[in-house]
Amino acid sequence: MIQEPSNRAGNTAEHAGTEDGGAEPSSGLSIRAMNVLKELSVELTDELPPKLGWTPSDDLLRLLTARHLATARNCGRQTMREIIDWAASRGILIPAPHHTGKSLSEVWGSLVERASAGDLTKSEITEALEKSIRRRSPRIPVAFQIVLLKILSSSYDHWPQP
């Protein structure tokens with residue numbers, strides 16, 4: 001049997017074939033999202049999902065954070081958004097990352113602005129650095145390097161108001 005090439009956006013688990021010719025259960029998630037969740041299931045719950053007939057548990061979704069999704073292999077912005085929306089449809093909130101939908105230069109600009117206003121948090125810094133590392137960016141703006149230096153040379157928790 002010849003399978004038609006899959007459309008990335010329309011290739012949902014409810015009608016997609018798997019490598020061994022079977023079909024995933026009807027979950028509404030893309031094959032990529034299912035694969036990301038299977039990898040995270042092993043990492044977070046030590047559960048090894050079967051190739052077929054698996055639906056992510058609510059327990060797994062409750063353990064997920066945007067950071068897990070942001071650092072998971074093959075989980076880009078679209079897949080992350082799909083998983084967050086799917087979890088929300090099941091009544092489980094996975095807070096979206098601070099910098100969703102922003103380019104790396106927009107992220108750095110936003111962080112410099114927030115640092116100047118005294119509103120920068122550790123989680124925002126961590127998230128921006130992780131995004132920068134994932135994108136293999138060799139440049140960090142000088143203004144933000146100064147902020148990092150101040151943070152690293154103090155007991156930073158929340159940037160003090162000027």
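This section describes the fold, nonpolar cores, two helices and salt bridges of a predicted model.

The protein chain contains seven helices and zero strands. Read from the N terminus, its elements follow the order α-α-α-α-α-α-α. Of its 162 residues, 37% count as buried. The accessible surface of the chain amounts to about 10,100 Å², and carbon and sulfur atoms account for 53% of this area. When contacts between residues at least 6 apart in sequence are considered, 58% of them join residues at least 24 apart.

Helix 1 covers residues 31-45. With 1.5 Å per residue, its 15 residues should span 21 Å, and the computed separation of its end C-alpha atoms is 20 Å, which agrees. The buried residues in this helix are Ile 31, Ala 33, Met 34, Val 36, Leu 37, Lys 38, Leu 40 and Ser 41. Lys 38 and Ser 41 are thus among the buried residues of helix 1, alongside Val 36 and Leu 37. The packing partners of the buried residues are helix 2 (58-63), helix 3 (66-71) and helix 4 (77-89). Asp 46 follows helix 1 and has a positive phi, near 60°.

Helix 4 was examined in the same way. Its 13 residues should span 18 Å at 1.5 Å a residue, and its end C-alpha atoms are 18 Å apart, in agreement with that value. Buried positions in helix 4 are Thr 79, Met 80, Ile 83, Ile 84, Trp 86 and Ala 87. Because these residues cover an arc of only 165° around the axis, they lie on the same side of helix 4. An α-helix has 3.6 residues a turn, so residues three or four places apart point the same way. Gln 78 and Ser 89, on the other side of helix 4, are exposed. The buried residues of helix 4 pack against helix 1, helix 2 and helix 3. After helix 4 comes Gly 91, with a positive phi near 85°.

In soluble globular proteins, nonpolar side chains tend to be buried together. The largest nonpolar core in the model has 21 residues, and the members touching the most other members are Val 36, Leu 64, Leu 69 and Ile 83. Helix 1, helix 2, helix 3 and helix 4 are the elements that each supply two or more residues to this core. Val 36 is one of the buried residues of helix 1, and Ile 83 is one of those of helix 4. For Leu 64, with neighbours within four places in sequence set aside, the contacts are Leu 37, Leu 40, Leu 44, Leu 69, Ile 83 and Ile 94. A second core, separate from the largest, has 12 residues, including Ile 125, Ala 128, Leu 148 and Ile 151.

Five salt bridges are present in the structure. In one of these, the side chains of Arg 73 and Glu 39 meet with an N to O distance of 2.8 Å. This pair links distant parts of the chain, since Arg 73 is in the loop between helix 3 and helix 4 whereas Glu 39 is in helix 1, 34 residues away. Arg 73 has a relative accessibility of 55% and therefore counts as exposed. Glu 39, at 33%, counts as partly exposed.

A salt bridge within helix 4 joins Arg 81 and Asp 85. Their closest N and O atoms are 3.2 Å apart. The two residues are four apart in sequence, about one turn of the helix. Both ends count as partly exposed, with a relative accessibility of 34% for Arg 81 and 41% for Asp 85.

A further salt bridge connects the side chains of Arg 114 and Glu 124, at 2.6 Å from N to O. Arg 114 belongs to helix 5 (residues 104-117) and Glu 124 to helix 6 (residues 122-134), so this pair ties together parts that are 10 residues apart in sequence. The relative accessibility of Arg 114 is 29%, and this residue counts as partly exposed. Glu 124 has a relative accessibility of 5% and therefore counts as buried, the cut-off for that class being under 20%.

Conventions: Residues numbered from 1 in each chain as written. Predicted model: local features only at pLDDT ≥ 70, side-chain atom pairs only at ≥ 80, totals over all residues. Heavy atoms only, no water. Expected span 1.5 Å × (residues − 1). Buried < 20%, exposed > 50% of the residue type's maximum accessible area, 1.4 Å probe, protein only. Contact = heavy atoms within 4.5 Å. Core = buried A, V, L, I, M, F, W, Y, C linked by side-chain atoms within 4.5 Å. Areas by Shrake-Rupley, 256 points an atom, 1.4 Å probe, with all protein chains shown as cover. Salt bridge = Lys/Arg side-chain N within 4 Å of Asp/Glu carboxyl O. Arc of directions from axis to C-beta.
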